[in-house]
Amino acid sequence: MRRVAAASSGGADPPRAGSGGPLAAASGRARGGALARLLRGPRRGARVVAVVACLATLGALGAAAALAAAGGAAPAGDGDGLAHLAAAYRGPVASAYGVEGGYWRLDVNFTSPRVPLLARPRFAASNATCWELAAATRQPFTALYQPTGAPPAVRGRVAAAGGPPPRGLRRRAAPAAPRAGRGRPPAPARGGARAQDLPGGVPRALFRWRGRISRRLFDSVPFLLRESPAAGGCPHCTFVLRYKVLGGQLYADRARRRRALDGQEAEVAMVEELLLAALHMHEVPRRAAGPAPPAPCPGGPPSAPRGATIPSCAPRRPQVPDVDFLLHIGDGAPGGLPLVQASVNRSEALGGFTLPKYMWRDALGLHQFAVLAQCLAARHPPPPAGRRVGRAVWRGSATDPAHALVDEGNALRVLRARLHLFGVWYPSLFDAHLTAFPQQAFETSCVETLLPPGACRRCGTGAARAASRRGRGRRPGAPPSAGRARRAGPALPLEAFNGYALVLDADGNSWSDRYRLLAHGNTPVLKQASNLSGFFEHLLPPGVAAEHWAPDASDLPARAAALLGELAASPRRLVAMAGAPGGFLGAAGAARRRGGRALADACARPRGWPRGAAERQQGLAALLLNQVALAHAAAWTLARVAALSDWRPAREEGYDLVPFARCCPSAAALPREFVAAVRARGEALGQAAPA
């Protein structure tokens with residue numbers, strides 16, 4: 001009986017000190033005694049069922065009332081508390097698999113949010129995925145979405161190749177990150193967070209470049225990169241577009257932008273939205289009363305004839321610096337070219353610069369991220385509160401960085417095909433299946449025979465199957481028809497991965513673009529160690545935010561077997577990896593031994609409890625992958641390219657303005673006020689609306 005009471009009140013927030021006094025304490029003891037007397041005596045089981053049903057009904061009514069009052073916003077407890085996230089630099093971490101440059105370790109003061117009791121019925125009853133529920137939640141328009149009033153700052157002492165920070169920066173003792181919920185949180189920066197280097201001089205967006213960028217090299221990059229010798233035979237390189245930032249406005253090369261992009265037009269429009277948001281975030285708002293008077297020069301105004309315009313010695317209005325840059329919209333990561341792209345090859349000394357791409361479409365605000373974390377915790381609680389399938393799960397299509405097409409000659413050399421075979425050979429370790437052959441050139445049925453798609457009659461627990469019914473195999477935000485062509489195996493929605501003990505992550509055409517979504521989950525990830533990296537994956541050191549396996553998967557079965565065996569022998573190991581509290585039942589028993597303290601306080605995280613890999617990766621995702629952080633990362637990359645270019649951009653013929661009015665249909669979860677502010681900036685600049 002006490003176990004039922006403990007589990008029912010586990011999500012309640014602990015009482016705050018000084019909120020009630022002796023009278024409230026006495027009233028609480030009286031109510032507790034009445035409930036205890038009700039649950040004792042004959043017909044105890046029926047009374048328990050009635051009490052639980054009553055609590056569930058009250059929870060559903062309360063959730064509905066809260067939703068009605070909030071206009072559809074999900075109750076999220078401390079909705080904007082994640083705005084006070086802070087990070088501390090803990091030093092470089094070497095790679096055991098030879099990843100060039102190693103990793104940086106950042107500790108974030110993030111803890112898994114509690115699930116409000118009134119929100120649990122809503123999460124359980126909805127047919128939408130947790131990501132859809134979070135994206136449908138209205139994100140408050142906070143100070144973080146205001147322009148910063150400062151240009152993006154990059155430190156000159158950071159290694160130009162994107163390697164570990166210089167020794168002088170390593171020796172600096174990083175301040176300890178404040179614990180969330182303890183003491184007064186630090187106030188956010190005035191006007192929003194600044195897009196500067198992360199603590200310890202860590203670059204906000206990964207890049208690989210030594211020396212300067214010459215205009216001759218810039219002009220030599222062709223439009224179609226795949227067929228160019230400059231790409232070095234990159235199988236997944238596509239088109240390169242030219243852009244220019246002048247005076248805080250974005251311009252596109254008309255000759256390249258208006259050409260056919262082979263179905264990648266939507267990707268280009270999405271990146272342009274991100275760039276417009278980045279430019280807006282680094283512009284000082286205009287004064288309502290008119291322009292400010294010019295500031296006098298030191299020592300008096302300069303000499304000038306009467307009636308002439310006197311130049312001002314006031315500093316230039318802060319903004320993203322003027323820059324010419326090349327945007328590569330393909331998945332490949334060629335070396336030797338100054339491309340701004342989704343990923344870089346860290347083994348190349350001149351690998352290029354990274355920029356968020358698909359992340360902008362799926363990005364959430366900090367309040368929405370809290371709702372997502374609460375929904376996942378309610379639907380897929382880690383053990384001992386919840387059940388997990390004791391296997392490592394993976395789904396994906398047959399793509400590979402080294403092969404443009406999969407045929408009979410190279411099918412078994414595709415790494416993802418090996419993951420599929422591991423699911424066939426080691427069914428007790430892996431639930432791994434290929435779901436599609438999007439780039440196939442089969443002439444026989446040999447590949448389908450060697451790589452049988454398998455069956456998935458009972459994939460995971462009941463919670464995993466329910467998530468499968470909710471998601472219907474779609475990615476978050478995808479239309480129902482997306483990704484159904486040439487389907488080869490049983491698909492599994494992303495949320496259902498949290499019904500397993502471990503999640504596998506492997507490279508596709510290039511870097512693993514899926515990890516940006518897996519990082520928000522509450523399940524540990526076994527990630528392929530790879531030199532192909534997105535803009536933030538230099539911050540994922542092995543054994544901290546994710547476990548790694550060899551680039552050729554040679555040690556994956558042994559790694560998975562050892563880790564799953566350890567988890568089976570000690571469920572608390574999985575609790576520690578997932579970063580969950582110690583469980584309701586054990587905490588409630590400890591509370592009874594201490595003399596019957598409040599169950600809500602007993603279910604809080606014990607002091608000194610080890611933070612898990614899943615919780616650490618959730619903290620990094622909240623810090624680096626929220627909507628504002630992505631805009632800052634884009635501005636940081638543009639500032640880095642501008643700092644390394646050896647020419648000053650100027651106006652040229654053949655460039656069209658990209659108006660701010662194009663923001664931001666791709667990122668549907670953005671606050672409406674932010675989108676209106678970006679578009680209003682274009683109107684203030686006199687930009688014409690797009691046709």
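A residue counts as buried when its relative accessible area is under 20%. The exercises below apply to a predicted model.

**Exercise 1.** Determine which residues of helix α12 are buried, and where they pack.

*Solution.* Step 1: applying the cut-off under 20% to α12 yields L415, R416, A417, L419, H420, L421, F422 and G423. Step 2: helix α12 spans residues 415-425, and eight of its 11 residues are buried, so the helix is largely enclosed by the rest of the structure. Step 3: the surroundings of these buried residues comprise the strands β10 (389-397), β11 (430-436), β13 (525-528) and β15 (547-549), together with the helices α13 (446-450) and α16 (556-569).

**Exercise 2.** Describe how helices α9 and α21 cross, and classify the residues in their contact.

*Solution.* Step 1: the axes of α9 (residues 265-281) and α21 (residues 627-644) come within 8 Å and cross at roughly 85°. Step 2: angles of 65 to 115 degrees count as roughly perpendicular, which means that α9 is roughly perpendicular to α21. Step 3: α9 contributes L274, L275, A277, A278 and M281, which meet V628, L630, A631, H632, A634, A635 and L638 of α21. Step 4: by class, this contact has 11 nonpolar residues, one polar and no charged.

**Exercise 3.** Establish the strand order of the seven-stranded open sheet and identify its edges.

*Solution.* Step 1: the order is β3-β9-β7-β6-β4-β5-β16, with mixed pairing. Step 2: β3 (207-208) and β16 (655-658) are the edge strands; each has a single partner strand, so one side of each lacks a neighbour in the sheet. Step 3: within the sheet, β4 (residues 240-246) and β6 (residues 323-328) run antiparallel and are joined by six bridges, with R242 opposite L326 in β6.

Terms used
Residues are numbered from 1 along each chain as its sequence is written. This is a predicted model: local features need pLDDT of at least 70, side-chain atom pairs count only at pLDDT 80 or more; totals for chains, interfaces and linings use all residues. Side-chain values use heavy atoms; hydrogens and water are left out. Axes are lines fitted to C-alpha atoms, for helices over the stretch in contact, and angles run from 0 to 180 degrees between N-to-C directions. Helices (H or I, at least four residues) and strands (E, at least two) are DSSP runs, numbered from the N terminus. Angles under 35 degrees count as roughly parallel, over 145 as roughly antiparallel, 65 to 115 as roughly perpendicular and the rest as oblique. Contact means heavy atoms within 4.5 Å. Ala, Val, Leu, Ile, Met, Phe, Trp, Tyr, Cys and Pro count as nonpolar, Asp, Glu, Lys and Arg as charged, and the others, Gly among them, as polar. Buried means under 20% relative accessible area, exposed over 50%, partly exposed in between (1.4 Å probe, protein chains only). Two strands pair if DSSP finds at least two bridges between them.
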